[in-house]
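Let us walk through a protein model, one question at a time.

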Amino acid sequence: MSAQFSKNSATTYRFQRFHISLQEGHTLTVKQKREAPQPVHMLQGDIQSCCGLLCVCMVVSIMSLAKPSALMHLTRRKYGTAARLWEAMEPYYFTGITGPELKAAIDELDLPLRLTMRHCNEDKTPHATSAASVSEFAVKKLGNGVLTMLAYRSLKDRHAHWQLGTGVSGVTTGKSSQIDTLLTLDPAEAAPHWSHSNSRLRMPDSKAEQRAGHWTMDGPGCYTPEPVRLISAIAFEPVD
């Protein structure tokens, strides 16, 4: 059977791109040096505000800076990267952590990582970074295959939450591609099966909402899609 295509019409299709180290299967894994593939997702409990810590643990695991098994027990580790990470992040375990606080804590660890951040000051001070700039930064970094932590503020109940951006999705027509979805690992959701993500942030159709930095969050735990605003994005890149 052969398919015929018109030379005058551009083919349109959806695409997805994910971080190269992730391996989908019965559970999402990462392949580290001389190690069997290890599960990468970490699950947040009901009463902790440790979503930022767990996203950092997933970054460190994906980038082979610590073993997932060590990170799963970081509160009991006495030495190594996992122990140092817990020492830096323990004060925020039940309170949550802002973008500037998280970047400062990780920079102090002197890991072979270069962190760049866009953070929206929600008090609307003059010359503050806008939520639209945070969104633009996130799309650019994730589109280039860079792991990027994303913090959003719910437009419903004002709660804030961290997810780990692992990739993008969008539409290609001919030679033109447009990203319209950020694919994420959410520590508040169960580990993904046969997928590189367990949640997503969809760009709204409204240009006004896009300029306001608004997205629609979808995930298995969402009974209805939730409108959110991106307030922080932190990109993690290896130091050459």
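The questions below go from the whole chain to a single residue and a helix.

Me: How many helices and strands does the protein chain have?
Reply: This is a predicted model. Its protein chain contains both kinds of element. The tally is 6 helices and 11 strands.

Me: What is the mean pLDDT of the protein chain?
Reply: pLDDT is the predictor's confidence in each residue, from 0 to 100. In this chain, 92% of the residues reach 70 or more. The mean is 90.

Me: Where does pLDDT stay under 50, and how many contacts beyond four places in sequence does the model have there?
Reply: The stretch is residues 1–5. For that stretch, the model's count of contacts beyond four places in sequence is 0.

Me: Why does the radius of gyration of the protein chain agree with a compact globule?
Reply: The chain has 240 residues. A compact globule of that length would have a radius near 18 Å. The chain agrees because its own value is 19 Å.

Me: What share of the 240 residues is buried?
Reply: A residue counts as buried under 20% relative accessible area. By that cut-off, the buried share of the protein chain is 47%.

Me: What share of the exposed area do carbon and sulfur atoms supply?
Reply: The protein chain exposes about 13200 Å². Of this area, carbon and sulfur supply 51%.

Me: How far apart are the mean positions of the positive and negative charges?
Reply: The protein chain carries 26 positive and 22 negative charges. Take the mean position of each set. The two means are apart by 7 Å.

Me: Why is R17 partly exposed?
Reply: R17 lies in strand β1, residues 12–18. Buried means under 20%, and exposed means over 50%. R17 falls in between, because its relative accessible area is 38%.

Me: Which residues does R17 touch, not counting those up to four places away in sequence?
Reply: Contact means heavy atoms within 4.5 Å. Leave out residues up to four places away in sequence. The partners of R17 are then G143, T166, G167, V168 and I179.

Me: How far apart in space are R17 and L53?
Reply: In sequence, R17 and L53 are 36 residues apart. In space, C-alpha to C-alpha, they are separated by 25 Å.

Me: Which residues of α3 are buried?
Reply: Helix α3 spans residues 80–89 and is mostly covered. Of its 10 residues, 7 are buried. They are T81, A82, A83, L85, W86, A88 and M89.

Me: What covers the buried residues of α3?
Reply: The cover includes other helices. Among them are α1 (51–62), α2 (68–72) and α4 (99–108).

Note on methods. Residues numbered from 1 in each chain as written. Predicted model: local features only at pLDDT ≥ 70, side-chain atom pairs only at ≥ 80, totals over all residues. Heavy atoms only, no water. Helix = DSSP H or I, 4+ residues; strand = E, 2+ residues; numbered from the N terminus. Rg over C-alpha atoms; globule rule 2.2 N^0.38 Å. Buried < 20%, exposed > 50% of the residue type's maximum accessible area, 1.4 Å probe, protein only. Areas by Shrake-Rupley, 256 points an atom, 1.4 Å probe, with all protein chains shown as cover. Lys, Arg positive; Asp, Glu negative; His and termini not counted. Charge placed at Lys NZ, Arg CZ, Asp CG, Glu CD.
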